[in-house]
Amino acid sequence: MLADLVKRSQPLASDAKLLVLGGGYSGRCLASLARAMGTPVLCTRRSLDSDEADLLFDSAGEGHLDPDALQGVTHLVCTIPPDREGNDPVLSKLLGTLRSLPLRWAGYLSTTGIYGDRQGGWVSEQDDPAPELDRSIRRLNCEQAWLHSGLPIQILRLPGIYGPGRSVLNGLQQGRARLIEKPGQVFCRIHVEDIAGACWHLMHRAEQAPDPSMDNWTVVNVVDDLPAPTTDLLRHAAGLLGCDLPPLEQFDQIVESMSPMAQTFWSENRRVSNHRLCQELGYGLLHPNYRVGLQDCLDQDKLNPTDLRSPPRSTNG
Ligand SMILES: NC(=O)c1ccc[n+]([C@@H]2O[C@H](COP(=O)([O-])OP(=O)(O)OC[C@H]3O[C@@H](n4cnc5c(N)ncnc54)[C@H](OP(=O)(O)O)[C@@H]3O)[C@@H](O)[C@H]2O)c1
């Protein structure tokens, strides 16, 4: 729960001000943490009618942010994905504006998809990216653009995101979940509160001690401790809900009938290490595995059942 994250987080300097470019699922969780920690925050969304929309930014529209509205911004996090051509919508439209800010830290949310398929093996930030899917190639292109932006950037590579209103619990409750078995296949995941917590931890760390060895840490995997098959999660989730599981299906027998998107999702198999985040950089996961994380989702979904109406997004948490 956010309250637990707040308890374990340290405040930023009193003059800090956060800009969240893309106040979607992860962006709004981070914004809530920042507000609870007493740091002013501005969230962009593509419509000012959306929840917590402080500023309008749509790269497909005017693609402009008034520099006056951004005065004093010291930290930023970008959650906005690449455009169809693989360009970064924020850097294409706003780089000059961002360069004019007194930024101390900038975080870019990327994906672990840039590692490509590792046939179930472990992969860390020291391994070279090897993206195979078009969307991962586009993402790596954007990472490179952020790394060369001249901003004080740290790249956070994320696996499947889950959390309240967006977990296998909701899939089971809504009759969408499929129990698919593929021997040897695992997926990595991260609870949305640990994305917010990790961003905050990295901002705080950079503020405390701009570290000369920081260059070694420009890229950080933000994943939990336990890569696992989705069947494990579904069985655990069904136990928590006290409901029946969908029928077991064998991957080989249904792969041809899957959507192209679902096929790409199952085409890569890797275990992503969080050693850098948790050991070298000292972040303690609030939800170190799906068992802890799903219990939290169950508790929060009960408190806030409206979340259950959120559209399904992640399929592996
Ligand atoms: N979902 C996953 O499992 C997963 C896994 C790994 C990495 N990621 C990546 O991690 C990041 C955060 O994920 P999330 O699930 O929190 O994302 P999300 O909820 O989809 O939020 C994305 C944000 O980007 C904004 N946005 C999208 N296109 C835009 C454009 N052309 N111009 C301006 N703003 C735009 C959206 O605006 P609105 O608020 O107006 O919609 C939204 O605020 C994303 O880049 C995502 O691709 C996701």
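# Around the ligand and into the core

Trainee: Which elements each supply at least two residues of the shell around the ligand?
Mentor: Keep in mind that we're looking at a predicted model here. One helix stretch, residues 25–36, is on the list, along with two strands at 105–111 and 160–162. Their names are α2, β5 and β8.

Trainee: Which residues of the shell come nearest to the ligand?
Mentor: There are 23 residues around the ligand, and five of them come nearest. The shell as a whole divides into 7 nonpolar, 10 polar and 6 charged residues. The five that come nearest are Ser26, Arg45, Arg46, Thr79 and Arg139.

Trainee: How far is the polar side-chain atom of Ser26 from an oxygen atom of the ligand?
Mentor: Pairs of N or O atoms count as a polar contact within 3.5 Å. A backbone N or O atom of Gly24 lies 3.0 Å from a ligand oxygen, and one from Ile161 lies 2.9 Å from a ligand oxygen. For Ser26 the atom belongs to the side chain, and the distance is 2.7 Å.

Trainee: How much of the ligand's accessible area does the protein cover?
Mentor: Start from the ligand on its own, with 900 Å² of accessible area. Then ask what share of that the protein covers, and you get 82%.

Trainee: Back to α2: what should its 12 residues span, and how far apart are its end C-alpha atoms?
Mentor: Use 1.5 Å a residue, and multiply by one less than the number of residues. For the 12 residues of α2 that gives an expected span of 16 Å. The figure from the model agrees with it, since the end C-alpha atoms are apart by 17 Å.

Trainee: Which residues of α2 are buried?
Mentor: Buried means under 20% relative accessible area. Just after the helix, Gly38 takes a positive phi of about 85°, but for burial we look inside α2 itself. The buried ones there are Ser26, Gly27, Cys29, Leu30, Ala31, Leu33 and Ala34.

Trainee: Which residues have the most contacts inside the largest nonpolar core, and which element gives the most to it?
Mentor: That core has 38 residues, and Leu30, Cys199 and Met203 have the most contacts inside it. Elements supplying at least two residues each include β1 (18–21), α2, β7 (153–158) and α10 (275–280). The element giving the most, with 9 residues, is α6.

Trainee: Arg205 is found in α6 too; how accessible is Arg205, and what is its class?
Mentor: Anything between 20% and 50% counts as partly exposed. Arg205 has a relative accessible area of 25%. That puts Arg205 in the class called partly exposed.

Trainee: Is Leu133 buried or exposed?
Mentor: Leu133 is found in the loop between β6 (122–123) and α4 (134–147). Its relative accessibility is 15%, and the buried class is under 20%. Therefore Leu133 counts as buried.

Trainee: How far apart in space are the C-alpha atoms of Thr264 and Leu133?
Mentor: Thr264 is found in helix α9, and its relative accessible area of 22% makes it partly exposed. Along the chain, Thr264 and Leu133 are 131 residues apart. Leu133 and Leu48 are 85 residues apart in sequence, with 33 Å between their C-alpha atoms. For Thr264 and Leu133 the C-alpha separation is 7.5 Å.

Trainee: What does the side chain of Ser9 reach?
Mentor: Ser9 is found in the loop between α1 (2–8) and β1. At 12% relative accessibility, Ser9 counts as buried. At 2.6 Å, its side chain reaches the backbone oxygen of Leu5.

Trainee: What is phi of Glu52, and what is phi of Gln119?
Mentor: Most residues other than glycine have a negative phi. Glu52, in the loop between β2 and β3, has a positive value of about 55°. Gln119, in the loop between β5 and β6, also has a positive phi, near 50°.

Trainee: Is Gln119 buried or exposed?
Mentor: The exposed class is over 50% relative accessible area. Glu52 sits at 33% and is partly exposed. Gln119 has 70% relative accessibility, so it counts as exposed.

Trainee: One more: how far apart are the C-alpha atoms of Glu85 and Arg138?
Mentor: Glu85 is found in the loop between β4 (75–78) and α3 (89–99), and at 62% relative accessible area it is exposed. Along the chain, Glu85 and Arg138 are 53 residues apart. Their C-alpha atoms are separated by 7.3 Å.

Key
Residues numbered from 1 in each chain as written. Predicted model: local features only at pLDDT ≥ 70, side-chain atom pairs only at ≥ 80, totals over all residues. Heavy atoms only, no water. Near = heavy atom within 4 Å. Polar contact = N/O pair within 3.5 Å; in protein donor to acceptor, adjacent residues only side chain to side chain. Areas by Shrake-Rupley, 256 points an atom, 1.4 Å probe, with all protein chains shown as cover. Helix = DSSP H or I, 4+ residues; strand = E, 2+ residues; numbered from the N terminus. Nonpolar A, V, L, I, M, F, W, Y, C, P; charged D, E, K, R; others polar. Buried < 20%, exposed > 50% of the residue type's maximum accessible area, 1.4 Å probe, protein only. Core = buried A, V, L, I, M, F, W, Y, C linked by side-chain atoms within 4.5 Å.
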